[in-house]
Amino acid sequence: MRLFYQGPDIVVTGEHFIILGPYPVRYRLDEVREPYIVQHARTGRFRPAQEIRARYGTRDVRLFSTTNATTFGHVRRALIRALEHRAERRA
């Protein structure tokens, strides 16, 4: 199993997008469709939050959310690479 990202809250492999907490959830990448980014406006002195959302089966799910731009970039890129890897395996 190929590992694309491992952090304290998220693990992205060639097969799964795993949220470790506060409630563990494992999404099979074969079921993740149409990922997109949501950027929330800055509120007061707080940095804007960024989210990665996607279709999972018939539901819209939030895969990841953070105000840390660096971590967001790492997770976003890992998901892109994992989905590309999945597409190559299918071809």
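**View 1. Arginine 77 and the positive patch of a predicted model.** In this predicted model, arginine 77 has a relative accessible area of 38% and is therefore classed as partly exposed, since that class lies between the buried limit of under 20% and the exposed limit of over 50%. Arginine 77 belongs to helix H1, and on the surface it gathers with Arg2, Arg76 and Arg81 in a patch of positive charge.

**View 2. Threonine 71 in helix H1.** Threonine 71 is also placed in helix H1, which covers residues 69–90, and its relative accessibility of 24% makes it partly exposed. When the neighbours within four places in sequence are left aside, the residues in contact with threonine 71 are Tyr5 and Phe64. Glycine 14, by comparison, is separated from threonine 71 by 57 residues in sequence, and the C-alpha atoms of the two lie 19 Å apart in space.

**View 3. Glutamate 51 and its two arginine partners.** Side chains of opposite charge can pair when their charged atoms come close. Glutamate 51, which counts as buried because its relative accessible area is 8%, forms a salt bridge with the side chain of arginine 53, with a distance of 3.2 Å from N to O. A salt bridge also joins glutamate 51 to arginine 62, where the closest N and O atoms are 3.6 Å apart. Because glutamate 51 lies in strand S6 (residues 50–56) and arginine 62 in strand S7 (residues 59–66), this pair ties together parts that are eleven residues apart in sequence. Arginine 62 itself is partly exposed, at 46% relative accessibility, whereas glutamate 51 is buried.

**View 4. Arginine 53, aspartate 60 and the network of salt bridges.** Arginine 53, already seen in a salt bridge with glutamate 51, forms a salt bridge with aspartate 60 as well, and here the closest N and O atoms are 3.0 Å apart. Aspartate 60 is partly exposed, as its relative accessible area is 32%. Taken together, Glu51, Arg53, Asp60 and Arg62 are linked in a network of salt bridges, and the count of salt bridges by the rule used here comes to four.

Key
Residues are numbered from 1 along each chain as its sequence is written. This is a predicted model: local features need pLDDT of at least 70, side-chain atom pairs count only at pLDDT 80 or more; totals for chains, interfaces and linings use all residues. Side-chain values use heavy atoms; hydrogens and water are left out. Helices (H or I, at least four residues) and strands (E, at least two) are DSSP runs, numbered from the N terminus. Buried means under 20% relative accessible area, exposed over 50%, partly exposed in between (1.4 Å probe, protein chains only). Contact means heavy atoms within 4.5 Å. Patches are made of residues with over 30% relative accessible area and no salt bridge: like charges are joined within 9 Å, nonpolar side chains (Val, Leu, Ile, Met, Phe, Trp, Tyr) within 5 Å. Accessible areas come from the Shrake-Rupley method with a 1.4 Å probe; for residues, only the protein chains shown count as cover. Lys and Arg count as positive and Asp and Glu as negative; His and the chain ends are not counted. The place of a charge is taken as NZ of Lys, CZ of Arg, CG of Asp or CD of Glu.
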